[in-house]
Amino acid sequence: MIFYDTPSPAPNPRRVRMFAAEKGIDLPMQTVSLVAREHKSAEHLARNPLGQVPVLVLDDGTAISETVAICRYLEALHPAQPLFGETPFEIAVIEMWIRRTEFALGSPVRAYWVNVHPYTAKVVPERFEDFGKAAVPQALAAMGVFDAALAEARFIAGETFSMADIVLLSTLDFANFIGIAIPDGLTNLRRWHAEVSARPSASA
Ligand SMILES: N[C@@H](CCC(=O)N[C@@H](CS)C(=O)NCC(=O)O)C(=O)O
């Protein structure tokens, strides 16, 4: 198995590294340079036709992309210390928060990154700056929803650390990297952020 990885601040590969660190899984890794545009090379497009990282290539040559799909595969291989829940309710709630993070927070963060941030100016052929700027209040509104949930629970999907926390942490840290920080007033989200950032896996 080879994990095609890109270092932080890329948020998606970090999720898999953090998941593997939590589980104690040793993943052989190969770096794909986004700066060198290696993710758009013919070699990488053969692994993932969307030209994105991360990708997990199995021993038989087949490839799995999409962060959550890769982590689900690893969870099925290594079910101990489940990060996708055990009971039907836990499984559903973790999935709910993963999807809320990806759609309500990840989508506006990506819209800002692609349409406004100076780092993407040279590689995105057509940018819609007003659209990107309008996404910032959407991202902040989503953070407010997470903050309210974290007033009621230690972790985003309840009292147990899960894949939903990994997805939320990576998305928030990337948002911060591009200039959309957690507002000071969101004290529950900031308390949670400090706690999950202190886990050894957070630096994977
Ligand atoms: N939905 C995908 C998103 C993957 C993604 O957006 N990866 C970024 C790096 S963090 C990437 O490859 N960006 C380059 C591009 O989209 O062209 C996942 O969950 O893995």
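Biologist: What makes the pair between threonine 67 and the ligand a polar contact?

Modeller: A polar side-chain atom of threonine 67 lies 2.8 Å from an oxygen atom of the ligand. The cut-off is 3.5 Å between N or O atoms, so the pair qualifies. Bear in mind that this model is predicted.

Biologist: How do you know that glutamate 66 also makes a polar contact with the ligand?

Modeller: An N or O atom in the glutamate 66 side chain is 2.6 Å from a nitrogen atom of the ligand. That is within 3.5 Å, so this pair counts too.

Biologist: And what makes glutamine 52 a polar partner of the ligand?

Modeller: One of its polar side-chain atoms sits 2.9 Å from an oxygen atom of the ligand. The limit is again 3.5 Å, so glutamine 52 passes.

Biologist: How much of the ligand's accessible area does the protein cover?

Modeller: The ligand on its own has 500 Å² of accessible area, and the protein covers 79% of that.

Biologist: Why is the ligand said to sit in a pocket, and which pocket is it?

Modeller: The test asks for more than half of the ligand's atoms within 2 Å of the pocket's grid points. The ligand sits in the largest pocket, so that test is met there.

Biologist: Which residues surround the ligand?

Modeller: Among them are Ala10, Pro11, Asn12 and Pro13, then His39 and Lys40. Gly51, Val53 and Pro54 also belong to the shell. A residue gets in if one of its heavy atoms lies within 4 Å of the ligand.

Biologist: Which element gives the most to this shell?

Modeller: Helix α1, residues 11–23, does, with three residues.

Biologist: How does the shell divide by residue class?

Modeller: Five residues are nonpolar, five polar and two charged. Glycine counts as polar here, so Gly51 goes in the polar group.

Biologist: What makes the bond between valine 53 and proline 54 stand out?

Modeller: That peptide bond is cis, with omega about 5 degrees. Proline 54 is in the loop between α2 (42–47) and β3 (55–57). The bond from serine 8 to proline 9 is cis as well, with omega near 20 degrees. Proline 9 is in the loop between β1 (2–5) and α1.

Biologist: How do you know whether the chain's radius of gyration fits a compact globule?

Modeller: For 204 residues, a compact globule would have a radius near 17 Å. The protein chain has 17 Å, so the value agrees. The chain has seven helices and four strands.

Terms used:
Residues are numbered from 1 along each chain as its sequence is written. This is a predicted model: local features need pLDDT of at least 70, side-chain atom pairs count only at pLDDT 80 or more; totals for chains, interfaces and linings use all residues. Side-chain values use heavy atoms; hydrogens and water are left out. A polar contact is a pair of N or O atoms within 3.5 Å; within protein, one must be able to donate a hydrogen and the other to accept it, and residues adjacent in sequence count only if both atoms are side-chain atoms. Accessible areas come from the Shrake-Rupley method with a 1.4 Å probe; for residues, only the protein chains shown count as cover. On a 1 Å grid over the protein atoms alone, a cavity is a set of points where a 1.4 Å probe fits but cannot get out, and a pocket is an open set with protein on both sides within 12 Å along at least five of seven lines; lining residues have an atom within 4 Å of a point. Helices (H or I, at least four residues) and strands (E, at least two) are DSSP runs, numbered from the N terminus. The radius of gyration is taken over C-alpha atoms; the globule rule is 2.2 Å times the number of residues to the power 0.38.
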